[in-house]
Amino acid sequence: LALNSTYYWRVDEVNGPNTVKGDVWSFTTQSDKASKPSPASGALGVTINPTLSWSAGYGAVSHDVYFGTVSPGTFRGNQPGTTYTPAGPLANAIPYYWRIDEVGPSGTITGDVWNFTTAGFATMRKGPYLIYPGNNTQMTVLWQTDVTVGSSIAWGTDTSYSTGSASTTEYGTDHQHKYNITSLTPGTKYYYRVTVTGNPPVTGSFRTAPAADATNVKFFMYGDTRNGIGNHNSIAGQWISTYTADPDYQTMALLAGDWVSADGEAEWTAQWYTYSYTNIVNATASMPIMGAIGNHEGSGGTCFEKYHPFPYAAAPADYYSFDYGPVHVTVVDQYTSYTSGSAQYTWLVNDLSTSTKKWKIIVLHAPGWCAGGSHGNDGTVQSTIQPLCVTYGVQIVLAGHNHFYSRAVNNGVHHITSGSGGAPFYAVAAGWPYVV
C-alpha cells in the first residue's frame with residue numbers, strides 16, 4: 001500500500017436474501033518520516049539532561065539527527081539507533097528544536113521539526129490569587145512565573161486535594177497561568193495547591209459563593225490601596241483574623257478603585273505581589289478581590305486588565321456585574337462614558353432592572369456624596385447613578401477616591417466612601433450634604 005495514507009474498508013454480512021451493511025473502518029499506513037517524538041513536541045519543563053527518542057520511518061536504515069536552539073537544529077551526525085542524548089546539561093528555560101531525517105535505499109526523507117522547553121529555575125512571580133467568575137460553583141485561580149515552565153493545580157475539600165487536578169499552560173505573552181475550577185458546591189470551603197516545576201507547592205483556600213437562595217452573606221469593602229503597602233498589609237491581616245475567627249467572612253472583598261499608584265508592571269509587583277508582605281499574599285490567595293478601575297489605573301490596558309480578567313460586559317471597557325448569594329454587584333467604569341445614551345448606561349439600566357436580588361450594590365471609584373477631601377463630590381454620580389439607584393432599588397454605592405471613610409444617605413441610598421485602604425489620608429470636612 002502507499003505510505004502515510006488512510007484506507008477505508010467495510011464488510012457487509014450476507015445471509016440468504018438479507019444483507020446487513022457493516023460499519024466503515026479505516027487505518028493509516030506507516031509513514032516514511034520519523035514519528036512519535038519523546039519529549040512530545042511542545043513539551044514544557046523538560047529535564048536539562050534529556051534523552052530524545054522517536055519511531056523510525058518505514059524503510060529507514062539510519063537517521064540524520066538535527067538538534068539546537070535555532071530551528072530546525074544543527075546537524076549532529078548520522079546514527080543507526082532511534083535515541084539521541086544531547087551533550088548536557090542543557091540550559092534552563094530554553095526552547096530547543098530537533099529533527100530526524102530518515103535515510104534509506106530510496107534517499108533521505110526530511111522529518112518534521114519538533115520542539116520542547118527545558119525546565120527553568122522558575123519562581124512564582126505573582127499569586128496564586130483568586131477571581132470570582134460569577135458562578136457559585138466555580139472559582140478562578142491565577143498565578144504568574146518568571147520563565148516558561150510546567151504548572152499544575154489540585155483541589156479538594158481538605159488538604160488531600162483529592163477532588164480534582166489539572167496541568168496548566170501559559171496564556172498571553174508573560175508566563176501567566178489561569179485555571180477555572182468547576183463543579184464545586186456553593187457555600188463550601190475548598191483547598192487548592194499550585195505546583196510549579198522545580199518548586200515546592202504553594203497552597204491556598206477559598207469559600208465558594210453562597211447558594212442563589214441564601215438570605216445573608218458577609219464580605220469586605222474598601223478602596224484606594226495604591227502604594228500604601230504597609231497599611232494595606234495591616235488591613236489584610238485584619239481580614240485574616242476576621243475570617244479565621246468567623247469562617248463566614250472568607251468570601252470576597254470589593255475594592256473601589258486605585259489599586260496601584262500607576263498601571264505599570266513595577267507598581268503591580270511592588271504594591272500587590274511582594275512576597276514579604278505575607279498578609280496580602282495570604283489574603284489574596286484566600287479571597288477574590290473584585291472591584292472597579294480607578295484613575296490611577298489609567299485606561300487599564302497595561303496591567304489592570306492583564307492581571308484582573310474580570311467578567312467584563314464589553315471589553316476593553318471595564319464594567320461588569322455578578323451575583324453573590326443575595327447580593328447583586330454592579331461595577332461601573334467611570335473612565336468609559338456612562339451618561340444617558342451611552343453603551344454603559346444602557347447596560348446599567350438592563351443590568352439593574354433585570355436583577356431580582358434583595359440587595360444591590362454599585363461599586364465605582366469617585367463618590368457622589370462624601371465628606372469633602374481633595375476631590376469632593378462627583379456630579380455624574382449624582383445626576384446619573386443616583387436616579388438609577390432610586391429607580392431600581394440599589395441600597396449601597398461603594399466609592400473611594402477620597403482617602404477617608406464617610407457615609408452619606410440620600411433618598412435611602414447609602415453612599416459609602418472607603419478610600420482608606422493604604423493611600424495617605426485626606427482631611428474630612430463638616431457640613432457636606434447627606435453625610436451621616
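A contact here means heavy atoms within 4.5 Å. With that in hand, take the fold as a whole. In the protein chain, look at contacts with a separation of 6 or more: residues 24 or more positions apart account for 65% of them. One caution before I go on: this is a predicted model.

Overall dimensions next. The chain has 436 residues, and its radius of gyration is 29 Å, where a compact globule of that length would come in near 22 Å. The C-alpha trace spans about 95 × 70 × 45 Å along its principal axes. Secondary structure: six helices and 29 strands. Of the 436 residues, 47% count as buried. The exposed surface comes to about 18900 Å², with carbon and sulfur atoms supplying 52% of it.

Now a small sheet. Three strands make it, in the order β5-β7-β10, and the sheet is open with antiparallel pairing. Strands β5, residues 35-38, and β10, residues 83-84, each have a single partner, so each has one side left without a neighbour in the sheet. As a reminder, strands of a sheet pair through backbone hydrogen bonds. Between β7, residues 52-55, and β10 there are two bridges, and these strands run antiparallel. Which residue of β10 is the bridge partner of Leu-52? That is Tyr-84.

On to the N-terminal end. Leu-1, Trp-9, Val-11, Trp-25 and Phe-27 make a nonpolar surface patch of about 550 Å². Trp-9 sits in strand β1, residues 6-10. Is Trp-9 buried or partly exposed? Its relative accessibility is 45%, so it counts as partly exposed.

Salt bridges now. The structure holds ten. I will show three.

First slide: Asp-12 with Arg-10. Their side chains meet at 2.8 Å, N to O. Asp-12 is partly exposed, at 29% relative accessible area. Arg-10 is partly exposed too, at 41%.

Next slide: Asp-101 with Arg-99. The closest N and O atoms are 2.8 Å apart. Here, both residues are buried.

Last of my three: Asp-174 with Arg-125, at 3.0 Å, N to O. This pair links distant parts of the chain, 49 residues apart. Asp-174 lies in the loop between β17, residues 164-168, and β18, residues 176-181, while Arg-125 lies in strand β14, residues 124-131. How do the two ends compare with the cut-off for burial? Buried means under 20% relative accessible area. Asp-174 has 15%, so it is buried. Arg-125 has 24%, so it counts as partly exposed. The pair also belongs to a network of salt bridges, which links Arg-125, Lys-126, Asp-174, Glu-265 and Lys-306.

Finally, a helix residue. Ile-385 is in helix α6, residues 379-392. Its relative accessible area is 0%, so Ile-385 is buried. What is Ile-385 in contact with, leaving aside neighbours within four places in sequence? The list runs Val-332, Tyr-338, Leu-348, Ile-362, Leu-364, Thr-380 and Val-397. One distance to go with that: the C-alpha atoms of Ile-385 and Gly-368 are separated by 8.4 Å, and these two residues are 17 apart along the chain.

To recap. The chain has six helices and 29 strands. Its radius of gyration is 29 Å. Ile-385 is buried in this model, and Trp-9 is partly exposed within a nonpolar surface patch. Asp-174 and Arg-125 join parts of the chain that are distant in sequence. I will take questions now.

Note on methods: Residues are numbered from 1 along each chain as its sequence is written. This is a predicted model: local features need pLDDT of at least 70, side-chain atom pairs count only at pLDDT 80 or more; totals for chains, interfaces and linings use all residues. Side-chain values use heavy atoms; hydrogens and water are left out. Patches are made of residues with over 30% relative accessible area and no salt bridge: like charges are joined within 9 Å, nonpolar side chains (Val, Leu, Ile, Met, Phe, Trp, Tyr) within 5 Å. Accessible areas come from the Shrake-Rupley method with a 1.4 Å probe; for residues, only the protein chains shown count as cover. A salt bridge is a side-chain nitrogen of Lys or Arg within 4 Å of a carboxyl oxygen of Asp or Glu. Helices (H or I, at least four residues) and strands (E, at least two) are DSSP runs, numbered from the N terminus. Buried means under 20% relative accessible area, exposed over 50%, partly exposed in between (1.4 Å probe, protein chains only). Two strands pair if DSSP finds at least two bridges between them. The radius of gyration is taken over C-alpha atoms; the globule rule is 2.2 Å times the number of residues to the power 0.38.
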